[in-house]
Amino acid sequence: MTKSRPGTPANPLRVAIIGSGPSGFYAADFLQKQTDLTIQIDMYERLPTPYGLVRGGVAPDHQKIKSVTNVYEKIAVDENFRFYGNVEVGRDVMRADLLRHYHAIIYAIGTRTDRRMGIPGEDLPGSHAATEFVGWYNAHPDFRDCEFDLSQERVAVIGNGNVAMDVARILASTYEELATTDIADYALEALAKSRVREIYVLGRRGPAQAAFTNPEIRELGELREAEVIVRPEDVELDPLSAEALATSSDRTAERNVQVLMRYSTQGDLGKPRKIYMRFFVSPVEILGDERVEAIRVVKNKLVRAEDGSLRAVPTDEYETIPVGLVFRSIGYMGVALPDVPFDERRGIIPNIDGRVFDPQRMDTLVGEYVVGWIKRGPSGIIGTNKPDAQATVMRLLDDVRSGRLIDPEAPDRESVEQLLRERQPDLVTFDDWQLLDMAERERGQPLGRPRVKYSQVHEMLAVLTERKGHLNPSGD
Ligand SMILES: Cc1cc2nc3c(=O)[nH]c(=O)nc-3n(C[C@H](O)[C@H](O)[C@H](O)COP(=O)(O)OP(=O)(O)OC[C@H]3O[C@@H](n4cnc5c(N)ncnc54)[C@H](O)[C@@H]3O)c2cc1C
Ligand SMILES: NC(=O)c1ccc[n+]([C@@H]2O[C@H](COP(=O)([O-])OP(=O)(O)OC[C@H]3O[C@@H](n4cnc5c(N)ncnc54)[C@H](OP(=O)(O)O)[C@@H]3O)[C@@H](O)[C@H]2O)c1
């Protein structure tokens, strides 16, 4: 008997989505919109909690942005959607397992580590990746035990992206500013005792090339006890930058420069914490015997590269800035999944329009796809992942029509569920997550906070056991 094409009620199209960040949810959303197909989606997440960087990256003082999870929640409660939290692909289940159970696999695993500067002293105590600090203040279980010496008064943040803005802002915020957010409680306590007074944000190019966006640079100037300091000579536009601004249709850079110019003329506001925005400097060495004591930077100038972009090239002028902590915020980096092709240089899963590409066979893999940061690299806001996921799902649907899918041995929900329960008895369903979500919100409520997060997996599992015991006291 020939099998019918998957996508019917009798033979649903079975899709595994690996990762529950924005890109995974937008992929699920576009699949759910295909009303002519019956599609069953299983979403795998290595943590017991969903939503990727919306929970573990977006800054705690940006609560409005986090409300995007209401959209994801609606996707997750569909009867053809299952969430398998606390299940790591590559640890609890392997690619070969997925190939046995699904017609299609979408990798949406994000980019969980950081890029390195590759300079001497980078591994000295006191030198950290922004990734660690961000994960720590957001109660991500991987980073909750990180330690940052906040008794230091002077800190350098390397990079001019929005993550650098987040890190500088959190370091410069007061207890009161953070106490109404969902920042990890241990981070709130540690930051309340922080002695950080001077934060140097170091950009390798000029103000007109900064990657941060207008609201984020403005927000730095709105902090209660911190002021932004910009040297007038740093915002004086060089001819290449002036020309680039004049010919660009995107006004972001021009407005960034205007905001920075305002900072450069505002005078001393007398606030106790200072954020120094410095431009045209690249770190060349982190100095210190036992720990970070200073950062040595080289002054850069801009040149036009062959592709028309403006690049920073070093001059022979150096400067040493005494700092006790360094956070490099120069971009995230993907990590390979076992048995899945990986581009080590770019830190992404190689792909052609979202179809996973195997460089050894010089062909795309049947039924395997990629979305989000692990598809295109670690850039773009939450919304960027929507068209990105849609484009990949369109390719998947082309492949449904042409029959270019995985031919799984056991494409039924029950056999997957059985396998997962064997491999990970502590798997967390979406109903479980909603219990955990409620527990976190209840902890926050008396404190006037949106939630107080759990930061350890065993803690989350214990809360679930307790709450489920209440729901079902007989244990049946
Ligand atoms: C610090 C920071 C702050 C940001 N703030 C904002 C903001 O304010 N506004 C905005 O619009 N954008 C913001 N962004 C950008 C936004 O977060 C990203 O565009 C978006 O999260 C990328 O989505 P993703 O699904 O590709 O990856 P992620 O959000 O990283 O999701 C990947 C998910 O996959 C899971 N996973 C990884 N490996 C496995 C595995 N092997 N098995 C199972 N699951 C796995 C991870 O645990 C994670 O949940 C921020 C980014 C960062 C880094
Ligand atoms: N509020 C928000 O909306 C928000 C918050 C956080 C993050 N995000 C988004 O998430 C994405 C990632 O943000 P991100 O800040 O990690 O990355 P990013 O926007 O790519 O910025 C990286 C910064 O690091 C610099 N850099 C790279 N390599 C360097 C090196 N070797 N030495 C010195 N500087 C170096 C870059 O400078 P060059 O430009 O010279 O390369 C750039 O300024 C972005 O799209 C961002 O907008 C959004």
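Colleague: Which element gives the largest share of the shell around ligand 1?

Modeller: This is a predicted model. Helix H1 (22-32), strand E2 (39-45) and helix H7 (162-172) each supply at least two residues of that shell. The largest share is three residues, and they come from H1.

Colleague: Where does ligand 1 lie with respect to domain 1 and domain 2?

Modeller: The shell around ligand 1 holds 36 residues, with Gly-19, Gly-21, Gly-52, Gly-110 and Gly-372 among the closest. Domain 1 (13-112 + 334-428) gives residues to this shell, and so does domain 2 (113-332); ligand 1 therefore lies between them.

Colleague: How many residues of the shell around ligand 2 are polar?

Modeller: Around ligand 2 there are 24 residues, and Gly-159, Asn-160, Gly-161, Asn-162 and Val-163 come nearest. Nine residues of this shell are nonpolar and four are charged, while the polar ones number eleven.

Colleague: Which element supplies the largest share of the shell around ligand 2?

Modeller: Domain 1 (13-112 + 334-428) and domain 2 (113-332) each contribute at least three residues to this shell. Among the elements, the largest share is four residues, and the source is H7.

Colleague: What is the radius of gyration of the protein chain?

Modeller: The chain contains 18 helices and 18 strands. For 476 residues the globule rule gives 23 Å, and the chain's own value is close to this, so the chain is as compact as a globular protein of that length; its radius of gyration is 24 Å.

Colleague: What percentage of the residues in the protein chain is buried?

Modeller: A residue is buried if 20 or more other C-beta atoms lie within 10 Å of its own. Of the 476 residues in the chain, the buried share is 44%.

Definitions and conventions: Residues numbered from 1 in each chain as written. Chains lettered and ligands numbered in written order. Predicted model: local features only at pLDDT ≥ 70, side-chain atom pairs only at ≥ 80, totals over all residues. Near = placed C-beta within 6 Å. Domains from an automatic or database assignment. Nonpolar A, V, L, I, M, F, W, Y, C, P; charged D, E, K, R; others polar. Rg over C-alpha atoms; globule rule 2.2 N^0.38 Å. Buried ≥ 20, exposed ≤ 12 C-beta atoms within 10 Å, placed from the backbone.
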